[in-house]
Amino acid sequence: MTQRLKLEVVDRRDFVVGAGAAAMLAILLGRSTAAFAQEKPPTFDEVFKKIVGDKKPEEGKVSIELPEIAENGNTVPYTVSVDSPMSDADYVKAIHVLAPGNPGPTIASFHFSPMSGEAKVSSRMRLAKTQDIVAVAELSNGSMLAGKRTVKVTIGGCGG
Amino acid sequence: MASKPRIKVPSSAKAGEVIEVKTLITHVMETGFRKGSDGKLVPRNIINTFTATFGGKEVFKADLSSGVSANPYIAFKFKVPAAGDLELTWVDDKGEKVVEKVAIAVS
């Protein structure tokens with residue numbers, strides 16, 4: 001903005017120089033955003049550790065409904081749920097869905113409240129290849145639950 | 001995010017009943033991992049957050065990532081306390097926001 005204001009009062013030659021500088025700046029900015037886009041997404045282990053911290057999740061307590069064979073990895077329907085009374089004192093705070101075999105391992109994090117009534121959510125995910133889907137649930141008392149389910153993917157859906 | 005999202009709730013519910021709210025919105029959900037015809041990565045543009053509130057209180061929230069399919073479908077549960085409006089909000093990486101209100105009738 002300040003640059004544009006200045007340009008209005010300078011002569012033509014200065015204008016050309018200024019425009020050149022602006023173009024250079026645009027190129028540099030363009031480069032830095034491109035570099036940012038290529039930054040590697042966190043690995044599954046990093047993401048998993050960030051969610052569970054130093055706790056050990058109890059296995060097999062999060063149910064994951066998935067097709068056994070997903071023909072199209074672009075859209076794989078799934079349902080995750082945890083048995084919980086969903087009362088003010090005891091409810092599921094969140095369920096995180098992770099796909100370790102995807103370029104970015106996080107699918108989604110769902111946050112519930114006692115107003116949810118049931119800790120259950122259905123959605124559709126992209127899967128790059130055959131892999132084990134992992135779901136981690138955080139309870140209001142601080143404990144962690146986990147679940148795992150294998151899904152076979154015929155055609156990967158990450159459009160590479 | 002031009003088109004109107006599709007939202008489905010039961011036509012009426014009893015107070016205290018747990019209902020399912022189904023939502024579907026049109027969005028490319030560009031992953032940021034895909035290369036365009038010019039060989040450059042197409043910048044990520046996804047719906048990153050979806051929230052449902054009832055009477056100003058948050059009922060359900062979803063943080064989405066590139067792994068969510070295009071035109072995201074999300075179905076969640078809601079324990080109806082009383083009649084009122086459920087407010088649903090979608091926000092994408094460009095900051096575009098879609099807000100929809102759906103009336104929950106109690107019989």
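This tour moves through the structure selection by selection, from the chain interface to the sheets and then to the core.

**Before selecting anything**

The model is a predicted one. It scores ipTM 0.94 and pTM 0.82. For chain B, the mean pLDDT is 94, and 98% of its residues reach 70 or more.

**Stop 1: the interface**

Select the residues of chain B that touch chain A. The contact involves 29 residues of chain B and 30 residues of chain A. On the chain B side, the elements giving two or more residues are β4 (57–64) and β5 (73–79) of chain B. The largest share, eight residues, comes from β4(B). Colouring this side of chain B by residue class shows 16 nonpolar, six polar and seven charged residues.

**Stop 2: the sheet of nine strands**

Next, display the strands of both chains. Nine of them form an open sheet with mixed pairing, in the order β2(A)-β8(A)-β7(A)-β4(A)-β5(A)-β4(B)-β3(B)-β6(B)-β7(B). Its edge strands are β2 (69–72) of chain A and β7 (97–104) of chain B, each of which pairs on one side only. From one strand to the next, the twist averages 20 degrees.

Start at the chain A edge. Here β2(A) runs parallel to strand β8 (residues 144–155) of chain A, and three bridges join the two. To find the place, select A:Asn72, which stands opposite A:Ile155 in β8(A).

Now cross to the chain B part of the sheet and select β3 (residues 47–54) of chain B. On one pairing, β3(B) is antiparallel to β4(B) over six bridges, and B:Ala52 has B:Phe60 in β4(B) as its bridge partner. These two strands form a hairpin with two residues between them, and B:Gly55 in the turn has a positive phi of about 60 degrees. β3(B) also pairs in the antiparallel sense with strand β6 (residues 84–92) of chain B, over seven bridges. In that pairing, B:Thr53 is matched with B:Glu87 of β6(B).

**Stop 3: the sheet of six strands**

A further open sheet has six strands in the order β1(A)-β3(A)-β6(A)-β5(B)-β2(B)-β1(B), with antiparallel pairing. The edge strands, each pairing on one side only, are β1 (63–65) of chain A and β1 (6–8) of chain B. Here the twist averages 15 degrees from one strand to the next.

Where do β6(A) and β5(B) pair, and over how many bridges? Select residues 119–125 of chain A, which make up strand β6; this strand and β5(B) pair in the antiparallel sense over three bridges. A:Ser123 has B:Ile74 of β5(B) as its bridge partner. Continuing into chain B, strand β2 (residues 18–24) pairs with β5(B) in the antiparallel sense over seven bridges. One of the matched pairs is B:Ile19 with B:Phe78.

**Stop 4: the nonpolar core and helix α3 of chain A**

Finally, select A:Val62, A:Val92, A:Ile95, A:Val97, A:Ala135 and A:Ala137, the residues with the most contacts inside the largest nonpolar core, which has 54 residues. Strand β7 (residues 131–139) of chain A gives the most to this core, with five residues. Centre the view on A:Ala135: leaving aside residues up to four places away in sequence, A:Ala135 touches A:Val62, A:Ile64, A:Val80, A:Ile95, A:His96, A:Val97, A:Ala146 and A:Gly147.

Then add helix α3 (residues 44–52) of chain A, which lies across β4 (92–98), β5 (106–111), β7 and β8 of chain A. The helix runs at about 175 degrees to β4(A).

Conventions:
Residues are numbered from 1 along each chain as its sequence is written. Chains are lettered from A and ligands numbered from 1 in the order in which they are written. This is a predicted model: local features need pLDDT of at least 70, side-chain atom pairs count only at pLDDT 80 or more; totals for chains, interfaces and linings use all residues. Two residues are in contact if their C-beta atoms, placed from the backbone, lie within 7 Å. Helices (H or I, at least four residues) and strands (E, at least two) are DSSP runs, numbered from the N terminus. Ala, Val, Leu, Ile, Met, Phe, Trp, Tyr, Cys and Pro count as nonpolar, Asp, Glu, Lys and Arg as charged, and the others, Gly among them, as polar. Two strands pair if DSSP finds at least two bridges between them. A nonpolar core is a set of buried Ala, Val, Leu, Ile, Met, Phe, Trp, Tyr and Cys residues joined through C-beta atoms within 7 Å. A residue is buried if 20 or more other C-beta atoms lie within 10 Å of its own, exposed if 12 or fewer, and partly exposed in between; C-beta atoms are placed from the backbone. Axes are lines fitted to C-alpha atoms, for helices over the stretch in contact, and angles run from 0 to 180 degrees between N-to-C directions. pLDDT is the predictor's confidence in each residue, from 0 to 100.
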